[in-house]
Amino acid sequence: MTSLRNPADLINRALADARPAPKIDLSAFLQKIGLFEIHGYTYNQVLAGGGTNLTALYSKDGENVVAKIFFTGPTGAGDARCDRELKMLCMAHSIESALEIKVVPRVISEFSSSDGMIVGFLMEHIKGKPLTDIITSITPGDFDESITTFTRVGWARHNAFRASISHKDLHPGNIIFEMENTEWEQWIKNPENEYDARVRILDLGSAVMPLQFSYSDGFDESWYQDLIRYFDGAFTCVAPEFFRKDFLRSLQGTQSFDCWALGHILYKIYTGQTLNLANSVGDYCDLIYSNKLERELRIQIDSHVQEPRMHFLISSMLVPDHNKRVGLFSAIEYANLLRKKNTKVLNLRGHDLYRFVYLECSDLEHNLPPHARSNSPY
């Protein structure tokens with residue numbers, strides 16, 4: 001018997017002896033557990049999958065729905081994740097319903113396998129073009145197209161979540177456009193459609209309502225521990241405050257965490273590139289704790305974004321200190337005024353621009369007395 005003393009030889013031998021991954025027949029598996037057909041809808045194809053869940057397309061009489069399937073596991077972790085996502089979908093739906101606007105997928109029904117090892121829910125199948133495809137069609141540096149695209153994404157996020165919910169996984173693959181920009185610009189000329197972006201946001205698996213942890217009644221200890229210990233969203237969505245001790249406090253009543261992710265999205269929309277800040281969590285934390293993150297951001301933004309208004313907006317959304325980051329609603333409203341080519345806003349520079357966006361943009365009637373405001377009851 002040959003002795004393998006070199007660690008590399010041991011690794012190569014182990015890899016050579018490893019069992020090849022078997023080809024999985026999902027159709028057969030779903031039939032076996034009684035989920036090939038769910039509430040009259042029949043399995044069609046897999047859409048995506050993660051560590052404890054997958055999504056699949058189901059159909060009935062030409063109508064498509066999406067099934068999100070969770071493997072509960074021996075600890076029930078998948079069951080908990082399913083329950084959490086359902087809660088966030090229902091909460092977001094209640095927020096957007098008041099505006100009669102659709103952003104998140106509508107939940108149709110819940111289901112489970114006969115042995116309880118699989119749980120999940122059926123939801124609306126969203127048709128449209130993902131932001132990943134939209135970005136490839138935009139010429140890098142096209143200000144008008146970029147600002148319109150971003151405004152629509154921002155309004156969709158605001159309409160569904162406000163300051164109540166942090167999505168925590170906003171990236172181009174989770175954002176679907178139901179209309180092209182040119183068609184949408186005509187559609188919103190109807191005053192009833194003004195703030196309906198016709199953009200849908202998917203995957204609330206990482207979403208959370210931060211204030212839910214401020215009360216002892218109904219406090220979910222396991223959800224709280226997962227929130228402060230794990231992050232399973234896209235790497236570009238991890239705002240620096242996640243690695244600070246005041247992370248939960250930074251989420252409460254603010255939209256700063258999602259503002260960071262949308263800053264990354266706006267940079268990619270405008271430049272066609274992804275900000276390359278770090279290749280690992282360790283590298284990212286090193287930038288944060290050594291106070292080098294702001295410098296690295298400045299270098300990349302300065303190099304690829306010369307348009308002053310776009311530079312200001314991206315830089316304001318990607319401030320490492322969440323206390324100094326621009327409010328997300330202010331960023332969205334500023335982008336919307338740029339889209340509308342508001343003369344006053346287009347001419348703002350320096351301190352005047354900073355003051356307007358940070359202090360006035362979220363309340364354009366801030367200098368009016370109560371009786372003169374548009375929402376005044378007097």
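These legends go with a set of close-up views of one predicted protein model.

**Figure 1. The whole chain, before we zoom in.**
This predicted model folds into 15 helices and nine strands. Of its 378 residues, 45% count as buried. Take the contacts between residues at least 6 apart in sequence: 64% of them join residues at least 24 apart. On the outside, the protein exposes about 19700 Å², and carbon and sulfur atoms supply 51% of that area.

**Figure 2. Inside the largest nonpolar core.**
Nonpolar side chains tend to be buried together in soluble globular proteins. Here, the largest nonpolar core has 90 residues, and the ones touching the most other members are Leu 131, Leu 313, Met 317 and Tyr 334. Helix H9 (residues 256-271) is the top contributor, giving ten residues to this core. Both domain 1 (42-124) and domain 2 (129-211 + 231-360) supply at least three residues each. Another core, of 16 residues, lies apart from this one, and its members include Val 65, Ile 69, Phe 111 and Leu 122.

**Figure 3. Leu 131 and its contacts.**
Which residues does Leu 131 touch, once its neighbours within four places in sequence are set aside? The list runs Thr 149, Val 153, Pro 172, Ile 175, Phe 177, Ile 265 and Ile 269. Two of these names, Ile 265 and Ile 269, fall within the residue range of H9, 256-271.

**Figure 4. Helix H12, mostly tucked away.**
Helix H12 (residues 308-317) is largely enclosed by the rest of the structure, because seven of its ten residues are buried. Those seven are Arg 309, Met 310, Phe 312, Leu 313, Ile 314, Ser 316 and Met 317. Leu 313 and Met 317 may ring a bell: both are among the residues that touch the most other members of the largest core. The packing partners of the buried H12 residues are all helices: H5, H9, H11 (293-304), H13 (328-339), H14 (343-346) and H15 (350-360).

**Figure 5. Helix H3, checked with a ruler.**
How far apart are the end C-alpha atoms of helix H3 (residues 77-97)? They are 30 Å apart, which agrees with the 30 Å that 21 residues should span at 1.5 Å a residue. The buried residues of H3 are a mixed bunch, including Gly 78, Cys 82, Arg 84, Glu 85, Leu 86 and Met 88. Among the elements covering them are strands E4 (63-71), E5 (107-112) and E6 (118-124), plus helices H5 (143-161) and H7 (221-229).

**Figure 6. Two cysteines and no disulfides.**
A disulfide is a covalent bond between the sulfur atoms of two cysteines. This structure holds zero of them. Cys 82 has a relative accessibility of 4%, so it counts as buried. Cys 285 has a relative accessible area of 16% and is buried too.

**Figure 7. Val 119 in strand E6.**
Val 119 sits in strand E6 and counts as buried, at 12% relative accessibility. Its C-alpha atom is 6.0 Å from that of Ile 69, although the two residues are 50 apart along the chain. Beyond its neighbours within four places in sequence, Val 119 contacts several residues, including Ile 69, Phe 70, Phe 111 and Ser 112. Gly 78 and Cys 82 are also on its contact list, and both are buried residues of H3.

**Figure 8. Thr 55 in strand E3.**
Is Thr 55 buried or exposed? With a relative accessible area of 14%, Thr 55 is buried. You'll find Thr 55 in strand E3 (residues 53-60). Not counting residues up to four places away in sequence, Thr 55 touches Val 46, Leu 47, Ala 48, Val 66, Ala 67 and Lys 68.

**Figure 9. Two loop residues with positive phi.**
Most residues other than glycine have a negative phi. His 39, in the loop between strand E1 (37-38) and strand E2 (41-49), has a positive phi near 50°. His 39 is partly exposed, with a relative accessible area of 49%. Glu 100 isn't a glycine either, yet its phi is positive, at about 55°. Glu 100 is in the loop between H3 and E5 and is exposed, with a relative accessible area of 73%.

Terms used. Residues are numbered from 1 along each chain as its sequence is written. This is a predicted model: local features need pLDDT of at least 70, side-chain atom pairs count only at pLDDT 80 or more; totals for chains, interfaces and linings use all residues. Side-chain values use heavy atoms; hydrogens and water are left out. A nonpolar core is a set of buried Ala, Val, Leu, Ile, Met, Phe, Trp, Tyr and Cys residues joined through side-chain atoms within 4.5 Å. Buried means under 20% relative accessible area, exposed over 50%, partly exposed in between (1.4 Å probe, protein chains only). Helices (H or I, at least four residues) and strands (E, at least two) are DSSP runs, numbered from the N terminus. Domain bounds come from an automatic or database domain assignment. Contact means heavy atoms within 4.5 Å. The expected span of a helix is 1.5 Å times one less than its number of residues. A disulfide is a pair of cysteine sulfur atoms within 2.5 Å. Accessible areas come from the Shrake-Rupley method with a 1.4 Å probe; for residues, only the protein chains shown count as cover.
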